[in-house]
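Here's a walk through one model, taking in its sheets, its helix packing and its salt bridges. Keep the structure open while you read.

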Amino acid sequence: GRVPSTMRAAVVRAFGGPEVVRVATDVPVPRLAPDEVLVRVAAASVSPLDARVRAGYARALYAPMLPLILGRDVSGEVVARGDNARAFPIGAQVFGALSPVQPRGAHAEFVAVTEAHLAPKPKTWTHAQAAAVPFAALTAWRALFTDAHLKKGERLLINGLGSTVGGLAAQLARAKGAAAVAGSVGKRSRARVAESLGIENDHMWTYDEKNARDGSVLKSLNAAAEHFAWEPFDVALDLVGDGKKNSERTLARLLRRGQGRLVTAHGDLARLVGEFGVARGAAAASVELARKKVLFRVNEDVSYTWSVMRQDAEAMRRIGEYACEGVLIPPRVETMALADAADAHRATEAGTTPGKIVLEP
Ligand SMILES: NC(=O)c1ccc[n+]([C@@H]2O[C@H](COP(=O)([O-])OP(=O)(O)OC[C@H]3O[C@@H](n4cnc5c(N)ncnc54)[C@H](OP(=O)(O)O)[C@@H]3O)[C@@H](O)[C@H]2O)c1
C-alpha cells in the first residue's frame, strides 16, 4: 500500500509523568537509511525502560534526542525498503527490537528499523505476542549466553523470575540445556510463574514486592542460600537490582566458588551517565565496574559483570525459531490503543495489569 508522509505517534517533548506522553497526528514518517526498512506497526510493547526514560532516567543521554518516540519492540509489516535492504520483501511480517537509544521508536504507526535487527514474525504468534518478546528476550540472551557463557548442564538462578526478561531467560536457558532453573519471585507473580514456567516449588522463593527495596528480596535470597548451601549455582542473573540492601552479595554466595558468574541487568552505567553526563559518567562507570569485579573476585571468588541489551541478528533468528518450535512461550499480553499511550505508561508503572502491555496503533 501507499505510505503517507505523516503519521500518528506518541511523542514525549519533555521528561515527566505519564501525562507528558501526547499522541500527535502530524509526525513525519521516518526516512530510511540504506540498511533500514519501514515497518507499519501492528503492535509495540511498553516496557519499564520506556517509563523510566520518559521520567528522566539517564537524562544526559536522552535529552539531546527530544522530542522522543518511545517503544523498543515492534511487530508489523514491511512497507518500504532502504536502498540496500534486501532481506525482506514488501509485505513481510516481521518482529524485532530497536536499540535503547533510537530516538524514534515504535509507539507510532510506522518505524524505521535496521533490517538485520528483524526476523520473520512467528506464524503461531499474534502481533501483540510477538511485540512483547524481542527486547526482553535479547536482554536475557545477552546476559546468559554472551556475558555469563551459560553452558549445557549448568544451574541458573534468576532474581526476579516474575518479570518478562526472567520468564524468557528461564525458557532460553532450558532450551540450551540448563540442568536447573531457580529464582525469586514477587507474591503476586508466583502462581503465574509456577503455571507458565513450571518451576518446582522448592526452586522458587517469594518476596513481598511492596517491600522489595526494603529487604524482602534479600530475605528470600537468604532463604535460598540456606536451602541450596549443598548445591551451588553456576550463573546468577539479577533483574531486581541491589537497592541499598546488598542483595548482590547474597546472590554471589549462592554461586559456585571459582567458576560462578553473577550478571546484573541493573548496572550503574545509565545512572552515572544521567548524573555526570555521557563522558564523565561512562568513565565513572568503568571505574565502578572494575572496583566491583575485584571486590566479588576477592570476597566471594566469583566473576561479576553488568549486562545491557544489544541487538543480535543471530540471537533474533534463534528466538524466532524457538517461538515457531513451541520452545518459547510468549508472556501474557494486554493490548491498549496507541491513543491511550499515557494510560499505558501509568499501568506499566503501577504493575497492576495481569500481562505485558502492548500498544496497537
Ligand atoms: N540492562 C538491560 O539492558 C535491561 C533490559 C531490559 C530490562 N532490564 C531490567 O530488567 C528488569 C525486568 O524487565 P522486564 O521488562 O522484564 O520487566 P516487567 O516484565 O515489567 O517485570 C517487572 C516486574 O513486574 C512484575 N510483573 C511482570 N509481569 C507481571 C504480570 N503479568 N503480573 C504481575 N506482575 C508482573 C514482576 O514483579 P514481581 O514478581 O517482583 O512482583 C516483575 O518482576 C527491569 O528491572 C528492567 O529495568 C534491563
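Let's start with helix 5 (residues 164-175), which lies across strand 9 (155-159), strand 10 and strand 12 and runs at about 175° to strand 9. Angles here run from 0 to 180 degrees between N-to-C directions, and axes are lines fitted to C-alpha atoms, for helices over the stretch in contact. Helices (H or I, at least four residues) and strands (E, at least two) are DSSP runs, numbered from the N terminus.

A word on the source: this is a predicted model, where local features need pLDDT of at least 70 and side-chain atom pairs count only at pLDDT 80 or more, while totals for chains, interfaces and linings use all residues. Residues are numbered from 1 along each chain as its sequence is written, and side-chain values use heavy atoms, with hydrogens and water left out.

**The sheets**

The strands under helix 5 bring us to an open sheet. Its 6 strands go in the order 11-10-9-12-13-14, and the pairing is parallel. Two strands count as paired if DSSP finds at least two bridges between them. At the edges you'll find strand 11 (204-207) and strand 14 (303-306), each pairing on one side only. From one strand to the next, the twist averages 15°. Zoom in on one edge: strand 10 (residues 180-186) and strand 11 run parallel, joined by 4 bridges. Gly186 has Tyr207 in strand 11 as its bridge partner.

There is also an open sheet of 3 strands, ordered 2-1-4, with antiparallel pairing. Strand 2 (21-28) and strand 4 (68-69) stand at its edges with a single partner strand each, so one side of each has no neighbour in the sheet. Strand 1 (residues 6-12) and strand 4 run antiparallel and are joined by 2 bridges. Val11 has Ile69 in strand 4 as its bridge partner.

**Helix 1 against helix 12**

Now for some helix packing. The axes of helix 1 (residues 48-55) and helix 12 (residues 341-350) come within 9 Å and cross at roughly 110°. That makes helix 1 and helix 12 roughly perpendicular to each other, a label that covers angles of 65 to 115 degrees. On the helix 1 side, Pro48, Asp50, Ala51 and Arg54 meet His345, Thr348 and Glu349 of helix 12; contact means heavy atoms within 4.5 Å. Sorted by class, the contact of helix 1 with helix 12 has 2 nonpolar, 2 polar and 3 charged residues.

Helix 1 has several buried residues, namely Leu49, Asp50, Ala51, Val53 and Arg54. Buried means under 20% relative accessible area, exposed over 50%, and partly exposed in between (1.4 Å probe, protein chains only). Just after helix 1, Gly56 takes a positive phi of about 115°.

**Salt bridges**

The structure holds 17 salt bridges, each being a side-chain nitrogen of Lys or Arg within 4 Å of a carboxyl oxygen of Asp or Glu. Here are three of them.

| Pair | Closest N to O distance |
|---|---|
| Glu349 and Arg54 | 2.5 Å |
| Arg256 and Asp234 | 2.8 Å |
| Arg291 and Glu288 | 3.1 Å |

What does the salt bridge between Glu349 and Arg54 tie together? Glu349 lies in helix 12 and Arg54 in helix 1, so the pair links parts that are 295 residues apart in sequence. Glu349 counts as partly exposed at 42% relative accessibility, whereas Arg54 is buried at 2%.

Arg256 pairs with Asp234 in a salt bridge. Arg256 lies in the loop between helix 8 (247-253) and strand 13 (261-264), and Asp234 in the loop between helix 7 (216-227) and strand 12 (235-238), so this pair ties together parts 22 residues apart in sequence. Arg256 is partly exposed, with a relative accessible area of 28%, while Asp234 counts as buried at 3%.

Arg291 and Glu288 are 3 residues apart in helix 10 (residues 278-300), separated by about one helical turn. Arg291 is partly exposed at 45% relative accessibility. Elsewhere on the list, Arg249, Arg253, Arg257 and Glu300 are joined into one network by salt bridges that share partners.

**One last residue**

Leu269 lies in helix 9 (residues 269-276) and is partly exposed, with a relative accessible area of 37%. Leaving out residues up to four places away in sequence, Leu269 touches Ala282, Ala285 and Trp306.

Note on methods:
Parallel < 35°, antiparallel > 145°, perpendicular 65-115°, else oblique. Nonpolar A, V, L, I, M, F, W, Y, C, P; charged D, E, K, R; others polar.
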